[in-house]
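Let's work through a few exercises together, one step at a time. Keep the sequence and the 3D view open beside you as you go.

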Amino acid sequence: MGAGSIKILLAITQAFALTMSVAFIVYVVVIVVPYLRRKPAPVGDAADFTWHFFVPCRDEQTVIRETVRYLRSTFRHAHVWVVDDDSEDRTARVVKSIWRRNGGYDPYLHLVPRRRPEARTGKGDALNAAYQALNFWMGPDESRDDVVVVVVDADGRPAENCLEVCAADHLFGDGTIGAVQLDVWMGNADSRPPGRSWFSRAFGLKLAQMQDLEFRTAIAAIQTSRGFTGTISMGGNGQFTRLSALDSIAGEDEQPWRGSLLEDFELGVHLLTAGWRTGYTPDSHVKQEGLYSLRRFLVQRTRWGQGTMQCSRYLRRIWDSPHVSTLGAAEMMYYLAQPWMQLLGSLLYPIPFILLLFSTAGDPAQVWTWFADDGAWILFAIYGSFGLLPFIVWGPIYQFKCLKSRNLLRGLGMGFAYALYIYTFYITSWRALFRLVRGRNGWSKTRRNTEHAPGVKVALDS
């Protein structure tokens, strides 16, 4: 390949480098700075509201006992609704045993049983069952504006201050706020997993730490920036929703949650387009279990990616909604485009390096001259650096802000590890696309760290 190919390669690399440079500057100004500048807000009075925890369970016997005990002991005046989604283990028996041990009747603990074929069809359907059970329990004439539904995973641990934080005047104290999302932490980010080898234990711990870093820095910062666009999204854990807001989108079938594999984001779309505002607070958090297994992690993120692709069907609804600003619609459309952009990026990003490889094979001397004399190496350095910096920057931020450590070198190491972690999303986006094309839209539950593969017998307590 000759000088013409070199010029093409130079032009492509320059374009990529310039685009990434501008994108990184915007990224820092719009996302990083507001996150670092945010200060804690005043709290409210939890007694102003009635709280109902929804805990969807599908084969959760390994974690549900401690979760129910934690919720009932920490939030004594909140109701806990455990949805047994036709579990094949002893989830329901565990919940019933807690109910009996509390004196035979605990008016704040409820079990919602589901059976196939209606059961095991997704988390959204399980939550709808809890919503319908709550409606039947409350009756039609009770006030619903001051009732808040809290979605917690079977391994979730909401912080003790979460109710008073969410009751604040700028959150549920504001009648226009329909839902609030807590910050999400990984409760096992500092717990080395069991394993046969040092590498497996170290890798599992690092994977859990990357999930903690992702949620507590990058995702928290994005949620903070969404406060300016009015498009704060909901998560599957630590999701607080006003009951009257759920009523407004439930319809005659009493189903506020829909059929997407990303039912939390989907709920937020319906709330925003119905005229409700959503809030986010890092002043409280919910802890969940970070995955130690790369295989289970890829299964989880494939489901999330496929759910995002499914939610693309709401693009027209978002754009046409009078309740969503143009800037807000653009932000939501950008989010929904992420898995598609990752597919495209996995095809486009290697182009300069592929062209360089072919150019080197055709005329090695000319390529060397181009690098040495024309300074092309600078462009490739910029191309590579700005492709990594938006991810690496979160390593030191996580180290300083979340871990309260000033170890810069360790923070940079965490940043590089996070960049590698993020690149797994290119894999999960392709997996999600293949599942979508093949019509495999079923909800695939991610097994807990303590769960064994199907067919493996485990000794259980009585």
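Before we start, one definition: a residue is buried under 20% relative accessible area, exposed over 50%, and partly exposed in between. Also keep in mind that this is a predicted model.

**Exercise 1. Two loop residues**

Task: Decide whether Ser-293 is buried, partly exposed or exposed, and find where Ser-293 is placed.

Solution:
- Step 1. Begin with the location: Ser-293 sits in the loop between strand S8 (277-288) and helix H9 (294-310).
- Step 2. Now the cover: the relative accessibility of Ser-293 is 24%, so Ser-293 counts as partly exposed.
- Step 3. Look for a partner far along the chain: Gly-204 is 89 residues away from Ser-293 in sequence, yet their C-alpha atoms are separated by 6.2 Å.

Task: Do the same for Asp-45, giving its place and its exposure.

Solution:
- Step 1. Asp-45 is found in the loop between helix H1 (3-37) and strand S1 (50-57).
- Step 2. Asp-45 has a relative accessible area of 42%, so this residue is partly exposed.
- Step 3. Across 119 residues of sequence, Asp-45 and Glu-164 are 5.3 Å apart in space, C-alpha to C-alpha.

**Exercise 2. Salt bridges across the chain**

Task: Find how many salt bridges there are, then examine the one between Asp-153 and Lys-123.

Solution:
- Step 1. We need a cut-off here: a side-chain nitrogen of Lys or Arg must be within 4 Å of a carboxyl oxygen of Asp or Glu. By this rule the count is 18 salt bridges.
- Step 2. In the pair Asp-153 and Lys-123, the closest N and O atoms are 2.9 Å apart.
- Step 3. Asp-153 belongs to the loop between strand S4 (147-151) and strand S5 (157-158), and Lys-123 to helix H4 (residues 123-138), so the pair ties together parts that are 30 residues apart in sequence.
- Step 4. Check the cover of each partner: Asp-153 is buried at a relative accessible area of 17%, and Lys-123 is buried at 13%.

Task: Which parts of the chain does the pair Arg-144 and Asp-247 link?

Solution:
- Step 1. The side chains of Arg-144 and Asp-247 form a salt bridge of 2.5 Å, N to O.
- Step 2. Arg-144 is in the loop between H4 and S4, while Asp-247 is in helix H7 (residues 243-250), so the pair links distant parts of the chain, 103 residues apart.
- Step 3. Arg-144 is buried, with a relative accessible area of 17%, whereas Asp-247 is partly exposed, with 26%.

Task: Why does the pair Arg-301 and Glu-214 tie together separate parts of the chain?

Solution:
- Step 1. Arg-301 and Glu-214 meet through their side chains in a salt bridge of 3.0 Å, N to O.
- Step 2. Because Arg-301 lies in helix H9 and Glu-214 in helix H6 (residues 198-229), the pair ties together parts that are 87 residues apart in sequence.
- Step 3. Both Arg-301 and Glu-214 are buried.

Salt bridges can also join into a network, as they do for Asp-84, Asp-86, Glu-88, Arg-115 and Arg-116.

**Exercise 3. An enclosed space**

Task: Find how many cavities of 30 Å³ or more there are, and say what lines the largest cavity.

Solution:
- Step 1. A search of the whole structure gives 1 cavity of 30 Å³ or more. The volume of the largest cavity is about 50 Å³.
- Step 2. Its lining includes Arg-226, Thr-231, Phe-265, Leu-272 and Glu-331.
- Step 3. Sort the lining by type: 5 residues are nonpolar, 3 polar and 2 charged.
- Step 4. Helix H8 (263-273) and helix H11 (326-348) each give at least two lining residues, and the largest share, 4 residues, comes from H8.

**Exercise 4. A covered helix and a surface patch**

Task: Is helix H15 mostly covered or mostly uncovered?

Solution:
- Step 1. In helix H15 (residues 394-402), 7 of the 9 residues are buried, and the helix is mostly covered.
- Step 2. Among the buried residues of H15 are Trp-394, Ile-397 and Tyr-398.
- Step 3. Just after H15, Lys-404 has a positive phi of about 55°.

Task: Which residues form the nonpolar patch on the surface?

Solution:
- Step 1. The patch is formed by Phe-400, Leu-408, Leu-409, Leu-412 and Phe-416, with about 500 Å² of accessible area together.
- Step 2. Helix H16 (residues 408-422) supplies the largest share of the patch, 4 residues.
- Step 3. An α-helix has 3.6 residues a turn, so residues three or four places apart point the same way.
- Step 4. Leu-412 is in helix H16, and with a relative accessible area of 33% Leu-412 is partly exposed.

Methods:
Residues are numbered from 1 along each chain as its sequence is written. This is a predicted model: local features need pLDDT of at least 70, side-chain atom pairs count only at pLDDT 80 or more; totals for chains, interfaces and linings use all residues. Side-chain values use heavy atoms; hydrogens and water are left out. Patches are made of residues with over 30% relative accessible area and no salt bridge: like charges are joined within 9 Å, nonpolar side chains (Val, Leu, Ile, Met, Phe, Trp, Tyr) within 5 Å. Accessible areas come from the Shrake-Rupley method with a 1.4 Å probe; for residues, only the protein chains shown count as cover. Buried means under 20% relative accessible area, exposed over 50%, partly exposed in between (1.4 Å probe, protein chains only). On a 1 Å grid over the protein atoms alone, a cavity is a set of points where a 1.4 Å probe fits but cannot get out, and a pocket is an open set with protein on both sides within 12 Å along at least five of seven lines; lining residues have an atom within 4 Å of a point. Grid points are joined across faces, edges and corners, and a volume is the space filled by probe spheres set on the points. Ala, Val, Leu, Ile, Met, Phe, Trp, Tyr, Cys and Pro count as nonpolar, Asp, Glu, Lys and Arg as charged, and the others, Gly among them, as polar.
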